[in-house]
Amino acid sequence: MYKAEIDWSHELHETVVKSLATSFGLDFLLFKDKDGGNVDTIHNVRKGIYATEKEKEQYDNRGKYDSHKYHSHRDYIATNKQGKMVHQQGELYDEYTGNSFHVNDKKNLDHIISAKEIHDDAGRVLADIIGEDLANNESNLCFINENINKKKQDKSMEQFILELQNKRTEIQQEIAELKNKSHLTEQEQKELKKLENIDSANLAKMKEIDEKARANYNQKINREYYISSKFAKNITKQAAISGFKMGTRQMLGLILAEVWFELKESIPTIYERNRQYFTINGFINDLMSTFNNIWHRIKKKFHTFFMAFKDSAIGGVLSSVSTTVINIFLTTQKQIVKMLREIWGNLVQAIKLIFFNPQSLPLGQLIKEVGKIVGAGIAVSCGVMVNSMLSQVCVFPFGAEIAAFCSTLVTGVITLGVTYYLENGEICQKIWAFLDKFSDNSTKRLNFYREVNEKLDCYLLELYQLEFNIDTEKLDAFSLRLSSVNNELERSFILEEEIKERNIKLPYEKGNTDSVKSWLNSL
């Protein structure tokens, strides 16, 4: 199979410049990445991580906990009345101990998840649910003996169980001391009863009850928030913004890269042209010509820029949505947010290539091109990690710029390494050749003519250079320089300089009018 020679230094330069102009150059202007993404989730706000100041202010302004409001709720009162009736019938059980209540036993209706904990829950505030309604749901209420309830107070079940575990030995010792006394006062009898009630708490059963109550509680909050119009609006808004910014970044970055490529080619030519013979008009004409070339270069690739905007915008939307989904379960670091954005940008291109295959590539070549795109995404991700590590170390002046350059260099080297291996690796060549066998006859024929055309182009270029010994780039520069001057004197200087450079022997003596006339008469 024919392989075109690749100018690796040129490819590395282009890759680094494009990475600088997009992933590591314009990101800081368009994106403000932060831990947890740009959409508030219940998981994040419970850890104190807010995407918006509005939601944080809403939580800060939730008001103080009012025990009376929670314990005078209609559901709390109704459940208490029903429990009193069951208690009088002798059928009421203590949920934390498993023992049945005697008629004269004192019972309390306990909030399994404490009312104060629910009031201060950032997830509940984010979901805009009234705390009293949640706290007094039947799944969060149970009857327990008064002694355990007073001991528990407003602690979470986890805290209360830990406290009982730490004090169980102490409580049992106090119980033993009281029982060893020959005579107990009325106060000591009450204290013994209290300690026995607390010691009878079944910690495993309490943990199970708490887990069940929390599962129901979290299910209500998650359902209420994640199907709400509030969440839908936020995720849609942020996805649209991310898509637009991603598309803008990619398109603007590619335009800036093309501007630099043109300037890189033009500046040495302008310098050489004006080094020996400088005129204001000539210099201005050079600049105008360069700007004109830049405009034509951009205009020629406008379709490419538009496609880059569209593909990147789709990638931005998908990365925003996927970041939010991940943050429902765990908090993403800002580096992960950036990596997801870059990976999705490349995945969209890969998916588009797989499903549409605009160049009708055979299967092996199609997989190879997809591999290059995925490899570029991995390379950018590695660059992001390098940038993150260097940003913490390079705290000196221009440290951020050095970190950005090193990151893009890593990205470029990895990208070219992956590309080279996919193009020239022995194992890869065998895989592509094997997969190409599955292509249909029309695809094989098209691929054959493409290969023949590439060979002809290569041979013609070599023949052109051997036969005429002409550097096409220098020829273009000379033509541009010659057409930019507007008087014969300047044109003569340019021609004279070119003649000397190429060692061209003229058939007449330069500057001798008679010699020129003699040569013209001989024609």
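Where is Ala 127 found? Select Ala 127 and you land in the loop between H8 and H9. Before going on, note that this is a predicted model, where local features need pLDDT of at least 70 and side-chain atom pairs count only at pLDDT 80 or more, while totals for chains, interfaces and linings use all residues. Residues are numbered from 1 along each chain as its sequence is written, and side-chain values use heavy atoms, leaving out hydrogens and water.

**Stop 1: the loop between H8 and H9**

Helices (H or I, at least four residues) and strands (E, at least two) are DSSP runs, numbered from the N terminus. Keep Ala 127 selected: it is buried, because its relative accessible area is 8% and buried means under 20%, with exposed over 50% and partly exposed in between (1.4 Å probe, protein chains only). Now add Thr 41, which is 86 residues from Ala 127 in sequence, with 9.4 Å between the two C-alpha atoms.

Next, pick Asp 128, in the loop between helix H8 (122–126) and helix H9 (131–135). Its phi is near 60°, a positive value in a residue other than glycine. Asp 128 counts as partly exposed, because its relative accessibility is 48%.

**Stop 2: a pair of strands**

Select strand E1 (residues 107–111), where 4 of the 5 residues are buried. Show strand E2 (residues 141–145) as well: E1 and E2 run antiparallel and are joined by 5 bridges. Two strands pair if DSSP finds at least two bridges between them. To see one bridge, pick Leu 109, whose partner in E2 is Phe 143.

**Stop 3: another positive phi**

Go to Gln 153, in the loop between helix H10 (146–152) and helix H11 (157–180). Gln 153 is not a glycine, yet its phi is positive, at about 55°. Is Gln 153 buried or exposed? It counts as exposed, because its relative accessibility is 55%.

**Stop 4: aromatic rings**

Select Tyr 225, Tyr 226 and Phe 231, which form one aromatic cluster. Rings of Phe, Tyr and Trp (its six-membered ring) pair if their centres lie within 6.5 Å; planes under 30 degrees apart count as stacked, over 60 as edge-to-face and the rest as tilted. By this rule there are 5 aromatic pairs.

For a charge over a ring, pick Tyr 59 and Arg 62: Arg 62 lies over the face of Tyr 59, at 4.1 Å from the ring centre. The rule asks for NZ of Lys or CZ of Arg within 6 Å of the ring centre and within 35 degrees of the ring normal.

**Stop 5: Met 288 and its helix**

Turn to helix H15 (residues 280–300), where Met 288 is found. Met 288 counts as exposed, because its relative accessibility is 52%.

**Stop 6: contacts across the sequence**

Pick Leu 330, in the loop between helix H16 (302–329) and helix H17 (334–356). Leu 330 counts as partly exposed, because its relative accessibility is 46%. Add Asn 44 to the selection: Leu 330 and Asn 44 are 286 residues apart in sequence, but 7.5 Å apart in space, C-alpha to C-alpha.

Finish with Val 393 in helix H18 (residues 363–393). Val 393 counts as exposed, because its relative accessibility is 59%. Which distance in space separates Val 393 from Ala 403? The two are 9.0 Å apart, C-alpha to C-alpha, and 10 residues apart in sequence.
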